[in-house]
Amino acid sequence: MESSSARSGGSTRREATRQKLYEAAVTLIAEQGFSATTVDEIAERAGVAKGTVYYNFASKSVLFEELLRHGVGLLTASLKEAAEQTARRGGTKVDALDAMVRAGLVFIDRYPAFTQLYVAELWRTNRAWQSTLMVVRREAVAVVEGVLREGVAAGEFSDEIDVQLTAAALVGMVLVAALDWKSFQPERSLDDVHAALSRLLQGRVSGRV
């Protein structure tokens with residue numbers, strides 16, 4: 001049997017390979033679409049053999065489905081960490097939401113191609129991975145819902161807030177604003193975009209003017 005260190009090394013190498021495949025796939029699919037992108041192109045862009053793609057993923061569709069899980073999982077983790085860091089500092093729930101807005105912008109700034117692809121897929125209903133997409137989207141929105149519910153319970157937010165819809169609206173606000181920023185206003189800084197969304201958040205969710 002392999003030693004634990006050998007298994008650990010193999011796992012690390014495999015994760016590194018899968019990361020390269022994710023990055024290659026998201027770039028190509030964002031550029032030319034899922035149907036037009038071939039496994040050969042993904043392998044070439046990732047700098048691996050075609051067989052390596054099939055060793056890690058049963059098919060192109062499975063690769064794409066896992067890419068969605070991986071990408072949205074990273075976003076969800078960053079939102080959770082932003083909320084938890086705010087709580088450790090003793091911040092309010094509005095502060096937590098603001099930190100999550102910034103975390104979302106940082107994620108999108110780092111992974112613009114994935115974000116573009118993710119938003120596009122949300123509008124499609126005939127994909128094999130639609131159920132997976134809905135699950136991972138729900139996980140991300142649920143993080144925001146949790147903070148809103150805690151804010152309502154603490155009296156920071158009105159109990160008339162529709163938590164589920166407000167959470168979805170906040171996530172959607174960040175996604176759409178960030179895509180507009182990257183596509184049409186790239187000269188603006190992340191701090192500038194965050195400040196604009198922060199003012200909107202402070203005025204509408206917290207009730208401040």
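This section describes the fold, the domains and one helix pair of a predicted model.

The chain contains nine helices and zero strands. Its order along the sequence is α-α-α-α-α-α-α-α-α. Taken along the principal axes, the C-alpha atoms fill a box of roughly 60 × 45 × 35 Å.

Two domains are assigned. Domain 1 spans residues 11-57, and domain 2 spans residues 61-201. Their C-alpha centres are separated by 26 Å. At the interface, eleven residues of domain 1 are in contact with 13 residues of domain 2. About 1100 Å² is buried between the two domains. Carbon and sulfur atoms account for 80% of this buried area. On the domain 1 side, three residues stand out: Tyr22, Val26 and Phe34. Together they supply 49% of the area that domain 1 buries against domain 2. No other three residues supply more.

Two UniProt annotations, both from an unreviewed entry, were placed on the model. The record assigns "domain: HTH tetR-type" to residues 15-75. In the model this span is 80% helix and 0% strand. The C-alpha atoms at its ends lie 18 Å apart. The record also gives a "DNA-binding region" at residues 38-57. Here the chain is 75% helix and 0% strand. The end C-alpha atoms of residues 38-57 are 14 Å apart. Domain 1 ends at residue 57, as does the annotated "DNA-binding region". The HTH tetR-type annotation runs on to residue 75, whereas domain 2 begins at residue 61.

Within domain 2, the packing of helices α7 and α8 was examined. Two packed helices are described by the angle between their axes and the distance between the axes. Helix α7 covers residues 130-153, and helix α8 covers residues 163-184. The angle between them is about 115°, and their axes are 8 Å apart. The crossing is right-handed. Helix α7 contributes Arg137, Arg138, Val141, Val144, Glu145, Leu148 and Arg149 to the contact. From α8 come Val163, Gln164, Thr166, Ala167, Ala168, Leu170 and Val171. By type, the residues of this contact divide into eight nonpolar, two polar and four charged. The charged residues include Arg137 and Glu145 of α7. The polar residues are Gln164 and Thr166 of α8.

Technical notes:
Residues numbered from 1 in each chain as written. Predicted model: local features only at pLDDT ≥ 70, side-chain atom pairs only at ≥ 80, totals over all residues. Heavy atoms only, no water. Axes fitted to C-alpha atoms, helices over the stretch in contact; angles between N-to-C directions. Helix = DSSP H or I, 4+ residues; strand = E, 2+ residues; numbered from the N terminus. Left-handed = near helix turned anticlockwise from the far one by under 90°. Contact = heavy atoms within 4.5 Å. UniProt positions renumbered as here; feature names shortened; annotations may be inferred. Domains from an automatic or database assignment. Buried area = accessible area lost by both parts, 1.4 Å probe.
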